[in-house]
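Thanks for coming, everyone. I'd like to walk you through a structure that is new to this group, so have a look at it on the screen first.

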Amino acid sequence: MQDDTSSYSIVCTSASKGFTRPCPAVFSRMRVLLALTTLVVVARAASVSLEDLEFHAWKLKFGKGYGSVEEESQRKMIWLDNRKLVQEHNMLADQGIKSYRLGLNHFADMDNNEFQARFGSCLGSFNMTKAHTATADIRPTGGVDPPNYLDWRSMGYVTEVKNQQLLNSCWAFSATGALEGQMFRKTRRLVPLSEQQLVDCSQDFGNSGHKGGWPNWAFEYVKSRGGLQAESTYPYEAEVGWCRFNQQNVVATCKDYKSLPNRDENDLQHAIARIGPISVVIDNSVSTFQLYKSGVYAEPNCNSTKPTHAVLLVGYGTDWNKQDYWLVKNSWGIEWGEGGYIKMARNKNNQCGIASYAVYPVV
């Protein structure tokens, strides 16, 4: 029998039995080679962690790209911190400890300080002397209670979710939303209105695309300047430009505007049931608001006296867990929250200040 283990013989011959068989040495070397190959594959796979794969998938989903390797590394570290926050919070939500869930949306590569620098200065300095007091007929005579559930979207009062992008123009989107609803109530035609006109043209009334503004100042501008164009004739550009208002293209007007009593959620419920969508301001400074995904946003760290963001109140209700909520339309696109909406806790001591500065236009 040939037995040269120093050579890589393919077969060994058995003289007594007259057949050939594979050599044991060959089998041994093949097993080692297979094991080494497996280790190489595992090592290569291990170099791409689950976090790497998730981050790559997240970038693809939201079309994210960065200018350098260093920037991407920094963004990834922030994303990982937010990922941990989301996972820990949702574990509590799974146990029923939290009433809402978080998600890795298109803001997940921003820490909360940066987020607030971009979106936390959407409101200008507020002067209550410019606000009107609501008339006494908010609550109907006879003590009739408002319905237990209300959603003005289902009745045609609300346009599609919009996106303010990186401009401090939340006040403009809140104002157009309220005015869109009142114009529908009057004409039965739902026309998206121009936030860009408000950004470009209402600076003399205290508003700014950079330093923020207030919905009531936007209503004052529309009232004083004779109207507002449609979004189709004055589209949004997410930057401040020169005023191109054309009176011939006006599709919405405003005779006046009214403010509701501060901090009274019962009056707010009566008002929205009788009037339609209403402009409100809230505190959005907590990181959980930045990453909100679904559920009733009951956040104890939310500030009820320092509003930072203007939104549109379009309804209210009570969820399956008997938690009262306000239905709020935001202006951060459909990738945030529940398709651009958030359910905010209702009847919890004016949480996030939602009833502090509510205002609506009179058309």
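Okay, let's start on the outer face of helix 2, where Leu50, Leu53, Leu60 and Lys61 are exposed, on the other side from its buried residues. Exposed here means over 50% relative accessible area, buried means under 20%, and partly exposed is in between, with a 1.4 Å probe and protein chains only. Helices (H or I, at least four residues) and strands (E, at least two) are DSSP runs, numbered from the N terminus.

Before I go on, a word on what you're looking at: this is a predicted model, so local features need pLDDT of at least 70 and side-chain atom pairs count only at pLDDT 80 or more, while totals for chains, interfaces and linings use all residues. Residues are numbered from 1 along each chain as its sequence is written, and side-chain values use heavy atoms, with hydrogens and water left out.

Back to helix 2. Which of its residues are buried? Those are Phe55, Trp58, Lys59 and Phe62. They cover an arc of only 100° around the axis, which puts them on the same side of helix 2; the arc is taken from the directions from the helix axis to the C-beta atoms. In general, an α-helix has 3.6 residues a turn, so residues three or four places apart point the same way. And what do the buried residues of helix 2 pack against? Helix 3, residues 69-94, where contact means heavy atoms within 4.5 Å. Just after helix 2, Gly63 takes a positive phi of about 65°.

Next up, strand 10, residues 309-318. It's mostly covered, with 9 of its 10 residues buried. Strand 10 has several partners, and two strands pair if DSSP finds at least two bridges between them. With strand 8, residues 278-282, the pairing is antiparallel over 5 bridges, and Ser279 has Leu312 of strand 10 as its bridge partner. With strand 4, residues 150-151, there are 2 bridges, again antiparallel; there, Leu150 is matched with Tyr316. Then there's strand 11, residues 324-329, joined to strand 10 by 6 bridges in the antiparallel sense. Gly315 stands opposite Leu327 in that one. Strands 10 and 11 make a hairpin with 5 residues between them, and Lys322 in the turn has a positive phi of about 65°.

Now the rings. How many aromatic pairs does the structure hold? It's 25. Rings of Phe, Tyr and Trp (its six-membered ring) pair if their centres lie within 6.5 Å; planes under 30 degrees apart count as stacked, over 60 as edge-to-face and the rest as tilted. Take Phe205 and Tyr221: the centres are 5.7 Å apart and the planes at 80°, so that pair is edge-to-face. Both Phe205 and Tyr221 are buried. Another pair is Trp214 with Tyr357, at 5.7 Å and 85°, so also edge-to-face. Trp214 lies in the loop between helix 6 and helix 7 and Tyr357 in the loop between strand 12 and strand 13, so the pair ties together parts 143 residues apart in sequence. Trp214 is at 4% relative accessibility, so it counts as buried, whereas Tyr357, at 25%, counts as partly exposed.

Last thing: Lys343 lies over the face of Tyr325, 5.6 Å from the ring centre. That label needs NZ of Lys or CZ of Arg within 6 Å of the ring centre and within 35 degrees of the ring normal.
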